[in-house]
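User: I am new to reading protein models. Please take one part of this one and walk me through it closely.

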Amino acid sequence: MTRYFFDVKDKASIQYDYSGRYLRSIAEVKELAALIAIDLGCTAGDASFGTEVQVRDPAGRQLFAVAVQPASALAA
């Protein structure tokens, strides 16, 4: 299993994930990143505009990012 880090970046700042999660596959990583983005969209409301979940590997390289959508966009 590999450790991945899920940082949350908005317009003004970034919240680093210093703990990370051990996951078996990149499919699990993408699923968790999408779930985090959905959760943020539901809890942050319209304040989530421009926010994204950035996924890093153990070396600190960004692998991909998932945009956070407001809850109103998720229901459509």
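User: What is the mean pLDDT of the protein, and what share of its residues reach 70 or more? After that, please look closely at strand S4.

Analyst: Start with confidence. This is a predicted model. The mean pLDDT of the protein is 90. A share of 88% of the residues reach 70 or more. Confidence is not even along the chain: strand S3 (residues 21–23) has the highest mean, 98. Helix H2 (residues 71–74) has the lowest, at 65.

Now to S4. This strand covers residues 52–56. Look at its partners. S4 pairs with strand S1 in the antiparallel sense, over 5 bridges. S4 also pairs with strand S5 (residues 62–67), again antiparallel and over 5 bridges.

Follow single residues across these pairings. Take Glu52 in S4. Lys9 stands opposite Glu52. Ala67 in S5 also stands opposite Glu52. Then go to Arg56. The bridge partner of Arg56 in S5 is Gln62.

Next, trace the link from S4 to S5. The two strands form a hairpin, with 5 residues between them. Gly60 sits in the turn and has a positive phi of about 95°.

How enclosed is S4? Of its 5 residues, 4 are buried, so the strand is largely enclosed by the rest of the structure.

Part of that setting is the largest nonpolar core. The core has 11 residues, including Val53, Val55, Tyr4, Phe6 and Phe64. Strand S1, helix H1 and strand S4 each supply at least two of the core residues. H1 (26–44) gives the most, with 4 residues.

One residue of S4 deserves a slower look: Gln54. In a regular strand, side chains alternate between the two faces of the sheet. Is Gln54 buried or exposed? Its relative accessible area is 10%. The cut-off for buried is under 20%, so Gln54 counts as buried.

What does the side chain of Gln54 touch? It makes a polar contact with the side chain of Glu52, at 2.7 Å. Set aside neighbours within four places in sequence, and Gln54 is in contact with Phe5, Phe6, Asp7, Lys9, Ile14, Gln62, Phe64 and Ala65. Two names on that list, Phe6 and Phe64, also belong to the largest nonpolar core. Another, Gln62, is the bridge partner of Arg56. Lys9 is the residue opposite Glu52.

Put the picture together. S4 pairs with S1 and with S5. S4 is largely enclosed, and it supplies at least two residues to the largest nonpolar core. Within S4, Gln54 is buried and makes a side-chain polar contact with Glu52.

Technical notes:
Residues numbered from 1 in each chain as written. Predicted model: local features only at pLDDT ≥ 70, side-chain atom pairs only at ≥ 80, totals over all residues. Heavy atoms only, no water. Core = buried A, V, L, I, M, F, W, Y, C linked by side-chain atoms within 4.5 Å. Buried < 20%, exposed > 50% of the residue type's maximum accessible area, 1.4 Å probe, protein only. pLDDT = per-residue confidence, 0-100. Pairing = 2+ DSSP bridges. Polar contact = N/O pair within 3.5 Å; in protein donor to acceptor, adjacent residues only side chain to side chain. Contact = heavy atoms within 4.5 Å.
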